[in-house]
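Please keep the sequence and the three-dimensional view side by side while reading. The paragraphs below start at the metal site, go on to the helices around it, and end with a few single residues.

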Amino acid sequence: MSFENVLNNVYKDNFEDAVSSWRDYSLEKYASVDNAIQKWNTCARTLEARLVYLLLLQPDEKLSEALENYRFWLLKQKTTIVDWSEIGELPLELPKNFFVGQKDIDADHQELFSIANDIRNNLRAGEYEGAADKASIMLDKSLAHFKREEEILERYNYPDYEKHSMYHNYLVEKVDLLREEISNLAKGGEESVIAFDALIFFLVNDPIVADLEFKPFFADLNS
Ligand SMILES: [Fe+2]
Ligand SMILES: [Fe+2]
């Protein structure tokens, strides 16, 4: 399974096949991932984020058009998690194969996952206010993480540093909307599950969709 295969399906408007092949590709490349992350619905959304990331690396009219079509299709799919069983029984943690090999970046990612897990525990225990408070802290820490990661990449002269920060900017723009959404965590019931889903989706966009790109770079530096 290659990423070419995923892209070919996207270009041919075979979006279901594109998501399935993206899921197979991710599983093959990164081996076992957290059960919530390998869900088809989550893969459908991480593929969108992946296409955005590719476009930032290399602007391309054909891909840009395909992304628009993909988004239109995605809107019609019901990809939001609305049921706790979708979130899974296992605690959320960053799988080892998602470590990029730079200790400060990896520590930040682990911390963000650990806060997400605390929020999940709060929600499962019916502690909705606590969940909303922690989510706000998680967003603040995410913003601080983007800055820290950019400083590290710049310091090590990572070649795609500027494009990576452009991707962070794209995520930063989503934070304002997300702040409104996470206030729903305090409401309990389905609204808090939907808000949690949005938060988790935001969380995986950085370490899983984009940051793995610099894993080979740090592996070379460390060798
Ligand atoms: Fe990043
Ligand atoms: Fe990151």
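Donors, as the word is used here, are N, O and S atoms within 2.8 Å of the metal (3.2 Å for Na, K and Ca), and since water is not among the atoms, sites may look incomplete. With that in mind, the iron ion (ligand 1) and the iron ion (ligand 2) are 3.3 Å apart, and Glu149 coordinates both. This is a predicted model, in which local features need pLDDT of at least 70 and side-chain atom pairs count only at pLDDT 80 or more, while totals for chains, interfaces and linings use all residues. Residues are numbered from 1 along each chain as its sequence is written, chains are lettered from A and ligands numbered from 1 in the order in which they are written, and side-chain values use heavy atoms, with hydrogens and water left out.

Which residues hold the iron ion (ligand 1)? Its protein donors are Glu149 (OE), His164 (NE2), His168 (NE2), Asp206 (OD) and Asp211 (OD), at 2.0 to 2.2 Å from the ion, and along the chain they follow the spacing E-x14-H-x3-H-x37-D-x4-D. Distant parts of the chain are linked in this way, as Glu149 belongs to helix α7 (residues 128–155) and His168 to helix α8 (residues 161–182), 19 residues apart; helices (H or I, at least four residues) and strands (E, at least two) are DSSP runs, numbered from the N terminus. Both Glu149 and His168 are buried, a word that stands for under 20% relative accessible area, with exposed meaning over 50% and partly exposed in between (1.4 Å probe, protein chains only).

For the iron ion (ligand 2), the protein donors are His109 (NE2), His145 (NE2), Glu149 (OE), Asp206 (OD) and Asp211 (OD), lying 1.9 to 2.2 Å from the ion, and their spacing in sequence reads H-x35-H-x3-E-x56-D-x4-D. Here too, distant parts of the chain are linked, with His145 in helix α7 and Asp206 in helix α9 (residues 189–210), 61 residues apart. His145 counts as buried because its relative accessibility is 1%, and Asp206 counts as buried at 3%.

The helices that carry these residues also pack against one another. Two packed helices are described by the angle between their axes and the distance between the axes; the axes are lines fitted to C-alpha atoms, for helices over the stretch in contact, and angles run from 0 to 180 degrees between N-to-C directions. Helix α6 (residues 103–124) and α7 pack at an angle of about 170 degrees, with their axes 9 Å apart, which means that α6 is roughly antiparallel to α7, given that angles under 35 degrees count as roughly parallel, over 145 as roughly antiparallel, 65 to 115 as roughly perpendicular and the rest as oblique. The contact, meaning heavy atoms within 4.5 Å, includes His109 and Leu112 of α6 and His145 and Glu149 of α7. Its residues divide into 11 nonpolar, 5 polar and 8 charged, where Ala, Val, Leu, Ile, Met, Phe, Trp, Tyr, Cys and Pro count as nonpolar, Asp, Glu, Lys and Arg as charged, and the others, Gly among them, as polar.

A second packed pair is formed by α8 and α9, which meet at an angle of about 170 degrees with their axes 10 Å apart, and this makes α8 roughly antiparallel to α9. Among the residues in this contact are His164 and His168 in α8, and Phe202 and Asp206 in α9. The contact of α8 with α9 divides into 11 nonpolar, 3 polar and 2 charged residues.

Phe146, a residue of helix α7, is buried, with a relative accessible area of 4%. Leaving aside its neighbours within four places in sequence, Phe146 is in contact with His168, Leu171, Val172, Phe202 and Asp206.

Away from the helices, two loop residues deserve a look. Asp13, in the loop between α1 (3–11) and α2 (15–30), has a phi near 65 degrees, a positive value in a residue other than glycine, and is partly exposed, with a relative accessible area of 44%. Asn157, found in the loop between α7 and α8, likewise has a positive phi, of about 55 degrees, although it is not a glycine, and at 63% relative accessibility Asn157 counts as exposed.
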